[in-house]
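Please open the model in a viewer and keep the sequence panel at hand. The tour below proceeds by selection, one stop at a time.

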Amino acid sequence: LNVIKRYHCRLLHIHWIHPNGIVGVVAKAILRIPFVVHVRGSDLNIFALKNHFFKYLTRMVLRHSDMIICTSKATKVKMTVAFPKILKHKKAIVVYNEIDAATFHPMPEQEARKKLGIQADGLHFLFIGNLVIEKGVLELVNLMMTLSGAQKGSNVFLHIVGAGPLE
């Protein structure tokens, strides 16, 4: 709260419902500063929808927020279904995560494979995300094992980028 006072903040943009959203609720109550909560997905899917305590905290954060930002339409729909009374009276918008177009841009396939050190032939699949059960990573790995077993002699690859309990 001292940092908020020192920099004369007039609005807080809180990323994640848990635990950061609680800071927004406290700051709003004590300092009378509005806050926007940015719902990323896993804070809703992993915590709020699977645990009564976190669902209670989520309800409190959403109720006290002045605006809600969701990173996808699916997250907004799931949140609206889980907390219909709150979302009926709150403005919730979707703002997708962006990428740096100067760094990530289309290029010829063989050039990209060479630059990334990926084998030139074969079928490549890429997963980027949190390595948690809810993302279906284990099912993807099992599918790839089945695929590569059924495609004897073919080059089928799965590239996984991320961190989490399934590392």
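**The loop between β1 and α2**

Begin by selecting Pro19, which is found in the loop between β1 (12–15) and α2. The model is a predicted one. Add His18 to the selection: the peptide bond joining His18 and Pro19 is cis, with omega at about -5 degrees.

Next, select Trp16, which is also placed in the loop between β1 and α2. Trp16 is not a glycine, but its phi is positive, near 80 degrees. Is Trp16 buried or partly exposed? Trp16 counts as partly exposed because its relative accessibility is 34%.

**Helix α2 and the loop after it**

Now select residues 20–31, which make up helix α2, and find Ile30 within them. Ile30 counts as exposed, since its relative accessibility is 54%. Show Leu1 and Val26 together with Ile30: these residues form a nonpolar patch on the surface, and their accessible area together is about 250 Å².

Move on to Arg32, in the loop between α2 and β2 (35–39). Arg32 is another stop for backbone angles: its phi is positive, about 60 degrees, although the residue is not a glycine. Arg32 counts as exposed because its relative accessibility reaches 68%.

**Two salt bridges**

How many salt bridges does a search of the whole structure find? The search finds 2.

For one of them, select Asp66 and Lys28, whose side chains meet at 3.1 Å, N to O. This pair links distant parts of the chain, with Asp66 in the loop between α4 (52–64) and β3 (67–70) and Lys28 in helix α2, 38 residues apart. Asp66 counts as partly exposed because its relative accessibility is 38%. Lys28 likewise counts as partly exposed, because its value is 24%.

Then select Glu109 and Arg113, which form a salt bridge with their closest N and O atoms 2.9 Å apart. Both residues lie in helix α7, separated by 4 residues, or about one turn of the helix. Is Arg113 buried or exposed? Arg113 is buried, because its relative accessible area is 12%, and buried means under 20%.

**The largest pocket**

Keep Glu109 and Arg113 selected, for both belong to the lining of the largest pocket. To complete that lining, add Phe104, Ala112, Leu116, Ile118, His124, Phe125, Leu126, Ile128, His159 and Val161. The volume of this pocket is about 340 Å³.

Which elements each supply at least two residues of the lining? They are α7 (109–116), β5 (123–128) and β6 (156–161). Coloured by class, the lining of the largest pocket shows 8 nonpolar, 2 polar and 2 charged residues.

**The second largest pocket**

For the last stop, select Arg40, Gly41, Ser42, Asn45 and Lys135. Of the 14 residues that line the second largest pocket, these lie nearest its centre. The second largest pocket has a volume of about 270 Å³.

Extend the selection to helix α3 (residues 42–48), the source of the largest share of this lining, 3 residues. Colouring by class gives 3 nonpolar, 8 polar and 3 charged residues in the lining of the second largest pocket.

Note on methods: Residues numbered from 1 in each chain as written. Predicted model: local features only at pLDDT ≥ 70, side-chain atom pairs only at ≥ 80, totals over all residues. Heavy atoms only, no water. Patch = residues over 30% accessible without salt bridge, like charges linked within 9 Å, V, L, I, M, F, W, Y side chains within 5 Å. Areas by Shrake-Rupley, 256 points an atom, 1.4 Å probe, with all protein chains shown as cover. Salt bridge = Lys/Arg side-chain N within 4 Å of Asp/Glu carboxyl O. Buried < 20%, exposed > 50% of the residue type's maximum accessible area, 1.4 Å probe, protein only. 1 Å grid on protein atoms, 1.4 Å probe; cavity = no way out; pocket = protein on both sides within 12 Å on 5 of 7 lines; lining within 4 Å. Points joined across faces, edges and corners; volume = space filled by probe spheres on them. Nonpolar A, V, L, I, M, F, W, Y, C, P; charged D, E, K, R; others polar.
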